[in-house]
Amino acid sequence: MAFSYNLATSVGKVRLRIPDKDEQAPLFQDEELQAFLDANGGDVYLAAAEALETVAGDPQRLQQYERGSVSVQPQLSFNLRERAKQLRLLSARQRGGIVVGTIERGDFYGESD
């Protein structure tokens, strides 16, 4: 299994959005992220959403996601799932879908696409 972080690739773009950029302690291997991409028709946003949902539902990965910071796991899991929802909305917008409502985020996850 391999780790790469190259923004010219879809795997790198998924890593950017989840974020999973620490080569020494990756959350996912390239092959795992590629499986998310394959399952979601190559859509980077949907693959990133699925990756975050996987982290939120896996206590071992959730603990690793914290990267030493102090947090309450149920809240972190909730925040990851909310970010996954936002990524799904971004995907719908990219494909020309209709997005109803707004999501306001005060943390570092905000994206403007």
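Trainee: I'd like to start with one residue: what is the relative accessibility of Glu 53?
Mentor: In this predicted model, buried means under 20% relative accessible area, exposed means over 50%, and partly exposed lies in between (1.4 Å probe, protein chains only). Glu 53 counts as partly exposed because its relative accessibility is 31%.

Trainee: Before we go on, what is left out of the side-chain values?
Mentor: Residues are numbered from 1 along each chain as its sequence is written, and because the model is predicted, local features need pLDDT of at least 70, side-chain atom pairs count only at pLDDT 80 or more, and totals for chains, interfaces and linings use all residues. Side-chain values use heavy atoms, leaving out hydrogens and water.

Trainee: Good to know! Which residue forms a salt bridge with Glu 53?
Mentor: Side chains of opposite charge can pair when their charged atoms come close. A salt bridge is a side-chain nitrogen of Lys or Arg within 4 Å of a carboxyl oxygen of Asp or Glu. Here the closest N and O atoms are 2.7 Å apart, and the partner of Glu 53 is Arg 88.

Trainee: Why does that pair tie together separate parts, and how many residues apart are they in sequence?
Mentor: Helices (H or I, at least four residues) and strands (E, at least two) are DSSP runs, numbered from the N terminus. Glu 53 sits in helix α3 (residues 44-57) and Arg 88 in helix α5 (residues 73-94), so the parts they tie together are separated in sequence by 35 residues.

Trainee: Which residue meets Arg 15 in a salt bridge at 2.8 Å?
Mentor: Arg 15 belongs to helix α1 (residues 10-17), and its partner, 15 residues away, belongs to helix α2 (residues 30-39). Both members of the pair are buried. At 2.8 Å, N to O, the partner of Arg 15 is Asp 30.

Trainee: Where do Lys 85 and Glu 82 lie?
Mentor: Their side chains meet in a salt bridge at 3.1 Å, N to O. At 47% relative accessibility Lys 85 counts as partly exposed, and so does Glu 82 at 25%. The two are three residues apart, about one turn, and both lie in helix α5.

Trainee: Which residues are joined into one network by salt bridges that share partners?
Mentor: The structure holds four salt bridges. Some of them share partners, and the network they make joins Arg 15, Asp 20 and Asp 30.

Trainee: Which element gives the most residues to the largest nonpolar core?
Mentor: A nonpolar core is a set of buried Ala, Val, Leu, Ile, Met, Phe, Trp, Tyr and Cys residues joined through side-chain atoms within 4.5 Å. The largest one has 23 residues, and Val 14 and Leu 87 are among those with the most contacts inside it. Two or more residues come from each of α1, α2, α3 and α5. With nine residues, the element giving the most is α3.

Trainee: Finally, what share of the chain counts as buried?
Mentor: The secondary structure comes to five helices and zero strands, in the pattern α-α-α-α-α along the sequence. Of the 113 residues of this chain, the share that counts as buried is 38%.
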